[in-house]
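Trainee: Could you walk me through this structure at an easy pace? I would like to start with the whole and then go into the details.

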Number of protein chains: 2
Amino acid sequence: MSLIDTVISNKSLGILLVEELDLIGDVFKKHLHSQDDDVNDLCMHIERYRGKMLRPTLVILSSLATMGSDSREALDDRHRVLAAVVEMIHMATLVHDDILDESDVRRGGATVNSLHGNDVAVMLGDYLISKSFHLCSTLGDPSINLALGEVTNTLCEGEVIQLQNKNDLDMKQDVYLDIVGRKTGSLIGACCYLGAVLGGGDDEHCESLRLFGEEMGIAFQITDDVLDLMGKTEITGKSVGRDLDLGKLTLPLIKLRDGLDESGRREFNRIVGSRDKSDLIELLNSSNALNETMKTAREMVVKAQSRLDVLPAGPARELLLELSKSVLTRHS
Amino acid sequence: MSLIDTVISNKSLGILLVEELDLIGDVFKKHLHSQDDDVNDLCMHIERYRGKMLRPTLVILSSLATMGSDSREALDDRHRVLAAVVEMIHMATLVHDDILDESDVRRGGATVNSLHGNDVAVMLGDYLISKSFHLCSTLGDPSINLALGEVTNTLCEGEVIQLQNKNDLDMKQDVYLDIVGRKTGSLIGACCYLGAVLGGGDDEHCESLRLFGEEMGIAFQITDDVLDLMGKTEITGKSVGRDLDLGKLTLPLIKLRDGLDESGRREFNRIVGSRDKSDLIELLNSSNALNETMKTAREMVVKAQSRLDVLPAGPARELLLELSKSVLTRHS
């Protein structure tokens with residue numbers, strides 16, 4: 001079941017969420033609007049990156065779950081602003097990631113760097129970061145600004161650690177998990193945490209939701225890394241094996257490598273070194289690495305779900321549980 | 001007289017400023033420090049970009065001038081934090097500008113992009129932006145965050161407008177002044193404005209100082225553009241004629257072009273199109289364009305200085321006046 005199917009599976013809450021995402025989209029567009037037509041064209045182009053709106057959804061659901069509510073009255077403009085802020089930050093990371101990865105395609109469309117050059121993509125990413133901090137500042141709550149700054153610091157550090165470990169065929173699993181925790185887990189964790197803060201949650205609720213988000217985010221990224229290898233371009237909207245091309249060792253390859261004997265390891269080094277995708281996929285299929293990888297993702301989701309026990313029971317908490325499960329069965 | 005000579009010309013205030021810049025440097029380094037050694041190495045490398053510390057100096061002086069004080073007791077940690085914040089933003093723009101401009105050299109040293117590639121430079125700039133917003137949030141004053149977000153929005157828009165006008169030989173003087181106002185004037189204006197806010201200035205003081213900074217910043221950039229053409233690499237630390245190479249039409253060339261007849265204009269188009277520096281400098285020297293350019297810069301400084309009339313007389317206001325004058329005689 002896809003993320004969106006999961007959301008809609010709960011009818012009344014599903015309708016509320018769809019309407020909220022619409023309002024959040026309006027805030028997003030309104031705040032990005034510039035007097036400059038070229039800037040607006042670029043922002044329109046990257047709207048297609050918005051896709052699943054996972055992060056805004058988590059802001060809203062975490063807030064509702066903290067309050068034990070599924071009512072529209074529990075939400076206000078601060079929720080919509082914060083949700084737009086985190087989505088802008090996410091988009092900024094996508095635009096700058098595409099420069100780092102020299103990617104031509106995202107969600108089946110051309111990337112900004114491939115269409116307009118690195119210079120325009122650097123600027124557009126900066127514009128999105130700037131706009132997100134500015135929009136966040138309109139909330140008038142320094143603690144939210146501070147939390148957001150901590151997350152973007154962590155995101156950047158994750159990116160730097162990943163750059164350092166490029167082409168390192170010996171990279172350990174815990175380094176991989178650290179990178180993924182910083183690059184994907186931290187922002188998703190912050191969405192849940194800040195949603196809970198807006199919902200007036202106590203420290204235990206807020207911290208539990210942060211951990212829920214972080215762990216769910218890591219599981220999300222692990223399945224993303226599996227899709228990078230095994231997914232179909234027409235569904236994922238990305239070319240297969242990009243991580244391999246970029247010298248990024250992801251969990252399936254780490255699991256594969258760690259299960260090999262000495263001669264197998266030499267073969268692994270040759271295949272990864274030469275970026276030979278078909279040989280790699282053959283080797284993967286003859287191993288248990290993909291099963292073990294998905295087992296790690298499943299364990300991460302179970303851990304994440306246990307974090308929700310402290311919250312009051314209700315439809316929003318149920319939907320968070322469902323969402324975390326849907327991470328394991330995603331296809332794009 | 002250089003900027004630093006000007007500062008030291010007032011003895012007691014000069015000593016205070018030198019000591020404050022030292023404290024600001026400590027805040028800067030402490031907040032940029034990461035657990036990651038590679039990040040720290042990169043931050044050490046770009047410390048050499050800090051150079052003149054014009055922006056932190058203006059934060060401190062504007063605050064003192066607003067209070068009509070030249071006493072250390074008038075300053076506190078908020079001043080040092082804010083001064084470090086604006087310097088970080090300035091450094092982030094330098095790191096990303098060097099990617100856009102494909103520059104190899106800055107202040108006589110190699111740029112981050114030339115040493116480590118665009119990917120590392122994109123990340124380092126993002127890290128500096130993130131750290132600056134985070135540090136700013138520690139002040140706990142949403143209005144300062146908001147003002148900073150407005151400035152970074154403006155900086156990005158200036159960059160985009162500049163990219164759009166690349167290689168446009170017909171670019172008008174007011175478009176040039178708009179770009180320069182956004183790219184250089186806005187941040188320098190914000191330094192003066194926010195310094196005044198910290199000094200408890202009323203609206204008139206704060207807004208006058210903003211205009212002072214913006215206009216001084218524009219004059220600063222105009223002389224920078226003259227230096228780009230006429231300066232010596234061993235003094236400026238940059239190669240001559242970079243703007244021409246990058247297809248950026250600056251004020252000396254706009255003045256030159258606007259003074260030419262039809263056949264002169266054809267020659268101008270040929271020279272600029274072929275990036276022929278020696279022919280261009282010959283054409284400039286045979287014209288009155290450099291004089292006219294410096295006249296515009298001088299007029300801008302006079303306008304800036306008049307903004308200070310509303311402030312109480314005192315050594316800090318005097319030094320602001322001197323600083324704005326020194327912009328016209330800078331060599332690097």
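Mentor: We will go from the pair of chains to the helices and then to single residues, and please keep in mind throughout that this is a predicted model.

Trainee: Okay, so what rotation superposes chain B on chain A?

Mentor: A rotation of 180° does it, with 0.0 Å of shift along the axis and an RMSD of 0.0 Å. That is the relation of a two-fold axis. In chain B, the C-alpha nearest to that axis belongs to Pro142(B), and it lies 2.9 Å away.

Trainee: And how many residues does each chain bring to the contact?

Mentor: Chain B brings 37 residues and chain A brings 37 residues. On the side of chain B that touches chain A, helix 3, helix 5, helix 7 and helix 8 of chain B each supply at least two residues. Helix 8 of chain B gives the most to that side, with 14 residues.

Trainee: Why can you say that the copies meet through the same surface?

Mentor: Because 100% of the interface residues of chain B are also interface residues in chain A, the copies meet through the same surface.

Trainee: Can we look at single residues there? Where is Ile161(A), and what does it touch?

Mentor: Ile161(A) sits in helix 8 of chain A, which covers residues 142–164. If we leave aside its neighbours within four places in sequence, Ile161(A) is in contact with Asp178(A) and Ile179(A), and also with Asp36(B) from chain B. Ile161(A) has 18 other C-beta atoms within 10 Å and is therefore partly exposed.

Trainee: Then what about Val120(A), is it buried or exposed?

Mentor: Val120(A) has 20 C-beta neighbours inside 10 Å, so it counts as buried. Val120(A) belongs to helix 7 of chain A, residues 118–137, and, again without its neighbours within four places in sequence, it contacts Val112(A) and Leu163(B). Another residue to look at is Val39(A), which is 81 residues from Val120(A) in sequence and 9.8 Å from it in space, C-alpha to C-alpha.

Trainee: New topic: which residues touch the most other members of the largest nonpolar core?

Mentor: That core has 202 residues, and Val85(A), Ala219(A), Val85(B) and Ala219(B) touch the most other members. Not counting residues up to four places away in sequence, Val85(A) touches Ser132(A), Leu135(A), Cys136(A) and Leu148(A). As a general point, nonpolar side chains tend to be buried together in soluble globular proteins.

Trainee: Now the helices, please. How far apart are the end C-alpha atoms of helix 10 of chain B?

Mentor: They are 40 Å apart, which agrees with the 40 Å that its 28 residues, 203–230, should span at 1.5 Å a residue. Of those 28 residues, 22 are buried, so helix 10 of chain B is largely enclosed by the rest of the structure.

Trainee: What does helix 13 of chain A pack against?

Mentor: Its buried residues pack against helix 9, helix 10, helix 14, helix 15 and helix 16 of chain A. Seven of the eight residues of helix 13 of chain A, which runs over residues 251–258, are buried, so this helix too is largely enclosed by the rest of the structure. Among the buried ones are Leu251(A), Pro252(A) and Lys255(A).

Trainee: At what angle do helix 14 and helix 15 of chain B pack?

Mentor: The angle is about 145°, and the axes of these two helices are 8 Å apart. Helix 14 of chain B passes helix 15 of chain B in a left-handed crossing. At the meeting place, Phe268(B), Ile271(B) and Val272(B) of helix 14 face Asp279(B), Leu280(B) and Leu283(B) of helix 15 by contact.

Trainee: Last one, about backbone angles: what is the phi of Glu102(A)?

Mentor: It is near 50°, a positive value in a residue other than glycine. Glu102(A) lies in the loop between helix 5 and strand 1 of chain A, and with 15 C-beta neighbours inside 10 Å it counts as partly exposed. Met53(B) also has a positive phi, about 55°, although it is not a glycine. The loop that holds Met53(B) runs between helix 3 and helix 4 of chain B, and Met53(B) is buried, with 23 other C-beta atoms within 10 Å.

Note on methods:
Residues numbered from 1 in each chain as written. Chains lettered and ligands numbered in written order. Predicted model: local features only at pLDDT ≥ 70, side-chain atom pairs only at ≥ 80, totals over all residues. Least-squares fit on C-alpha atoms with pLDDT ≥ 70 in both. Contact = placed C-beta atoms within 7 Å. Helix = DSSP H or I, 4+ residues; strand = E, 2+ residues; numbered from the N terminus. Expected span 1.5 Å × (residues − 1). Buried ≥ 20, exposed ≤ 12 C-beta atoms within 10 Å, placed from the backbone. Core = buried A, V, L, I, M, F, W, Y, C linked by C-beta atoms within 7 Å. Axes fitted to C-alpha atoms, helices over the stretch in contact; angles between N-to-C directions. Left-handed = near helix turned anticlockwise from the far one by under 90°.
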